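Here is my note on the model, in numbered points. Please read it with the structure open.

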Amino acid sequence: MNLAVLASGSGTTLQNLIDRISSKSIDARIDVVIASRPDIPALDRAAKAAIPAHIIDRKSFSSAADFSKPIFKLIDEHNIDLICLAGWLCMLSIPPRYHSRIMNIHPALLPSFGGPGMYGLRVHEAVLAHGCKVSGCTVHFVDEKYDNVPIILQRTCPVLETDTPEILSQRVFEEEKLAYPQAIRLFQQGRLKIDGRRVQILSESTS
């Protein structure tokens, strides 16, 4: 299965996918990495893994629609099966042919602590400020609203009294490292069925 990974920052999620593919726990390859700005660590990670990477700078475009056109042109050229957002911070105008073919992972249990501006340490700061006892991550399909559409799967972890946002982020990321590959495998196996705002995980075929 051919993947495109879209990144806006450090690339830790990209690196996790690179490592999972290398260890054969995901039967896929990353054909292209697209960055929304220059000089981000994700580009260095792509280069080290010999993955073609392109910069499409959001600041060079006046609208999400104009910004999205060259992104999906690149994705078309690479015959991509699934688009994986990995710390991607930009709104996309999604062509109909890619509906239900774009995934994202969010470092909280949606629908809590999602939406515009909720990314990175801001999420974990909010979780701690609200006194939550449990946090985790959510893998979901993507549409043209932030953190809006059907949840594929979630994994949880405890929130401890001694946590800082940085410590909690690391604990959540350990769950992200498992959740995203699992969701990708389910997609590849054809086991995800969208029904409105719900995603049904189908049983494995016995044939």
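1. A salt bridge here is a side-chain nitrogen of Lys or Arg within 4 Å of a carboxyl oxygen of Asp or Glu. Keep in mind that this is a predicted model. Glu174 and Lys177 form one such bridge, with their closest N and O atoms 3.3 Å apart. That distance meets the cut-off, so the pair counts.

2. Now place that pair. Both Glu174 and Lys177 sit in helix H5. They are 3 residues apart, about one turn of the helix. Glu174 is partly exposed, at 39% relative accessible area. Lys177 is partly exposed too, at 23%. Buried means under 20%, so Lys177 does not qualify as buried.

3. Helix H5 has a second bridge to check. Glu175 meets Arg155 through their side chains, at 2.8 Å from N to O. This pair links distant parts of the chain. Arg155 belongs to strand S7 (residues 151-158), while Glu175 belongs to helix H5 (residues 165-188). The two are 20 residues apart.

4. Is each partner of that bridge buried or partly exposed? Glu175 is buried, with a relative accessible area of 15%. Arg155 is partly exposed, at 28%. The cut-off for buried is under 20%, so the two partners fall into separate classes.

5. Look next at Asp76 and Arg97. They form a salt bridge, and the closest N and O atoms are 2.6 Å apart. Asp76 lies in helix H3 (residues 64-77). Arg97 lies in the loop between strand S4 (82-86) and strand S5 (102-106). The pair links distant parts of the chain, 21 residues apart. Asp76 is partly exposed, at 32% relative accessible area. Arg97 is also partly exposed, at 45%.

6. For the full count, the structure holds 8 salt bridges. The pairs discussed above are among them: Glu174 with Lys177, Arg155 with Glu175, and Asp76 with Arg97.

7. Turn to the nonpolar interior. The largest nonpolar core has 44 residues. Which residues have the most contacts inside it? They are Ile30, Met103, Val139 and Ile152. Helix H5 gives this core its largest share, 7 residues.

8. Ile30 deserves a look of its own. Leaving aside residues up to four places away in sequence, Ile30 touches Leu3, Val5, Leu14, Leu17, Ile18, Ile21 and Ile51.

9. Another core lies apart from the largest one. This other core has 20 residues, including Ile56, Phe72, Ile80 and Ile94.

Note on methods. Residues numbered from 1 in each chain as written. Predicted model: local features only at pLDDT ≥ 70, side-chain atom pairs only at ≥ 80, totals over all residues. Heavy atoms only, no water. Helix = DSSP H or I, 4+ residues; strand = E, 2+ residues; numbered from the N terminus. Buried < 20%, exposed > 50% of the residue type's maximum accessible area, 1.4 Å probe, protein only. Core = buried A, V, L, I, M, F, W, Y, C linked by side-chain atoms within 4.5 Å. Contact = heavy atoms within 4.5 Å.
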